[in-house]
Structures are given as structure tokens and as C-alpha cells.
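User: I am new to this structure and would like a close look at how its strands are put together. Please start with the turns that link them, and then work outward to the rest of the chain.

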Amino acid sequence: MASDSEPATSESLKTFGAVLKALRDEAGLTQEQFAPRVQYSMAYVAKVEQGRRFPPRELIERSETVLGASAARVLGAAYRSLTRKVGLASWFVQWAGIEEESVTLLAYECRAIPGLLQPEHYIRAIFDRRLPPVTEEQLEREVAARLERHHLLTERQNTAFSFIVEQAILERNMGGREVTQAVITHLLEVGRLRNVEIQLMPLRQELHSGVDGHMYLAETPGHQWVGYTEGQRSSSLISAPKDVSVLLQRYGRLRSEALDCGATVSLLKQMRGAL
């Protein structure tokens, strides 16, 4: 259990900036030459290299045509390391590491769309309204960190992902009509992945095994199960076999109570059409 704020970022950002500068220098480019080629201002590139700005992911992608594929891979590795440590609350970092290595990941959410399924507009709507208010730089860091986690769904193709999401979360219309449409479209797209199952829990459900709240479960490479729950600026990692067994039983029942994947797709399309 922990309740710390997000970890310090300055050293990590400076390290990324130093890597970018070294790769740019090796390519024989000045900041003035490099900036327009990656479609950013020279002042912005300078701030990234100084560790004063969180780098956008597009910078990595645009750098490949300028610095070459090898340099882009190095920069990409530095970026992934950065986003794993920066922008994630300290009490979440341990679970984020477990997620990255899991062979099975189960999630039941009754509060918000699960982080791995959140499109950018939805993420921004959440952080834009969070209290206490954050600076623009903090917001960009947190959005980038959450988006970076999405690579798990596509890169870990041998990991089985199962998500059960309350229909009420979508009915809430968080962020407005356009944001909700974007969420539904994203859920439909991600749901097509071979290793991802998404089920909606309908608004009216007489038998419901999730009354005690949300839950996350991960199967490790050693085939041990770990549970995870969150509260207000805190979290709990559940490793005792007896307690994990309870969560697994409840999740199994939730799967049978929720709409199946086909019915979920139909309901999502119906909801999107009604917006």
C-alpha cells in the first residue's frame, strides 16, 4: 500500500534529452537544421534536449527519417524507459511492471474505462478535470505515459487480455458526445485484436458479482496470479493465494453475467449511433 505522488522527472528527462542531442550530433545536424525536419521549432527541440519538456511520441517517429532507423530504435528505447517511470503515480509503477510481463490480464472496471483501453481524448478529459489541477507540462507527461502503455495490447500478442466494463461508464458521457464516440470507436477497434476480449456489463443486471468494486488480475510468466485494486491516491497489490482465489472466482462469474463479445459489439454500435 502506498500513497506517494508521482516520481521526480527531471533526471529522466535530462537523460532522454542527452540521448537525443548525442544522436543529432552524430548525424551532423545542428538544432536549427534538425528542428524543421521533425516539424518542431528550434526552441522546442532545445527544451527537450535540456530536459525541460516531455518529448511527444511523434518526435520519435519523425526522427527515423532524419536520423535513421538505428538511431530511432535507440531513441524509442529511451522514450519507453522514460514513460514507464515518468507520468505514472508511484503507487501504480509496481503494477505497471507486472502488466508488462503478464501472460494473462483480467480487468473489471466500474469507475472509468480501463487505462489500456483509453483513447487520447478520453485521457485528456480525465486529467483536465482532475484535482488538484495540473500544469500543462504535467498533463502532457501523464497523457504520454498512459498512451505508451497501449503498446502492450499489440506487442504482447501471446498475452490474453479480458476487459469487463460497466455500460454505465459510457452512459456517463465523460468529456462529452465526441469523446464518448471516440471511446466507443476505439473499443470496437481494439476488440478486433485476436488476444483481446471486451465485454460490457449491462445497465440492468439482477445477478452481479462485482458489487465490491473494480479488480485487476494478472498471471505472471511463472503462472502465479496477482490481484490489484486502487483507491483515492492509493493502491493494494494482492498476492495471498486465498485472496487472489476470491478475485478469480468473482471475475469468472462476472464473465458469465456480462454480455458476450458479440452482444457487446452490437450494443456499442447501437450506443454510438444513438449519440
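Analyst:
**The strands and their surroundings**

In the hairpin formed by β4 and β5, where 5 residues lie between the strands, H223 takes a positive phi near 65 degrees. Strands, here and below, are DSSP runs of E with at least two residues, helices are runs of H or I with at least four residues, and both are numbered from the N terminus; two strands are said to pair if DSSP finds at least two bridges between them. This is a predicted model, in which local features need pLDDT of at least 70 and side-chain atom pairs count only at pLDDT 80 or more, while totals for chains, interfaces and linings use all residues. Residues are numbered from 1 along each chain as its sequence is written, and side-chain values use heavy atoms, with hydrogens and water left out.

Strand β4 covers residues 215-219 and pairs with β5, residues 225-231, in the antiparallel sense over 4 bridges; within this pairing L217 stands opposite G227 of β5. On its way onward, β5 also pairs with β6 (residues 234-238), again in the antiparallel sense, over 5 bridges, and here T229 stands opposite S236 in β6. The hairpin of β5 and β6 has 2 residues between the strands, and in it R233 takes a positive phi near 55 degrees. As background to these two hairpins, most residues other than glycine have a negative phi, and most peptide bonds are trans.

Strand β4 has another partner as well, since β1 (residues 104-109) and β4 pair in the antiparallel sense over 5 bridges, with Y216 of β4 as the bridge partner of A107. The other pairing of β1 is with β2, and this one is parallel and runs over 6 bridges. Two of its residue pairs can be followed by name: S162 in β2 is the bridge partner of L106, and F161 in β2 is the bridge partner of L105. From β2 the parallel arrangement carries on to β3, residues 196-201, through a further 6 bridges, and F161 appears once more, with V196 in β3 as its bridge partner.

How well are these strands covered? For β1, 6 of its 6 residues are buried, where buried means under 20% relative accessible area, exposed means over 50%, and partly exposed lies in between (1.4 Å probe, protein chains only). The side chains of β1 leave the strand in two directions, T104, L106 and Y108 pointing one way and L105, A107 and E109 the other way, and all of them are buried. Strand β2, residues 160-166, is mostly covered too, with 6 of its 7 residues buried.

Helices come next in this picture. Helix α7 (residues 120-128) has Y122, I123, A125, I126 and F127 among its residues, and these are buried; what covers the buried residues of α7 includes α8 (136-148), α10 (167-171) and α11 (177-190). In general, an α-helix has 3.6 residues a turn, so residues three or four places apart point the same way. A168 lies in helix α10 and, at 32% relative accessibility, counts as partly exposed. A168 and R111 are 57 residues apart in sequence, yet their C-alpha atoms are 8.9 Å apart in space.

Some loops deserve a careful look as well. The loop between α7 and α8 holds P132, which is joined to L131 by a cis peptide bond with an omega of about -5 degrees. In the loop between α10 and α11 sits N173, which has a positive phi of about 65 degrees although it is not a glycine, and N173 is partly exposed, with a relative accessible area of 30%. Q39, in the loop between α2 (31-37) and α3 (42-49), likewise has a positive phi of about 65 degrees without being a glycine, but Q39 is exposed, its relative accessible area being 57%.

Stepping back, the secondary structure of the whole chain comes to 13 helices and 6 strands. The radius of gyration is 20 Å, close to the 19 Å that the globule rule gives for 275 residues, so the chain is as compact as a globular protein of that length; the radius is taken over C-alpha atoms, and the rule is 2.2 Å times the number of residues to the power 0.38. Of the 275 residues, 45% count as buried. Finally, among contacts (heavy atoms within 4.5 Å) between residues at least 6 apart in sequence, 76% join residues at least 24 apart.
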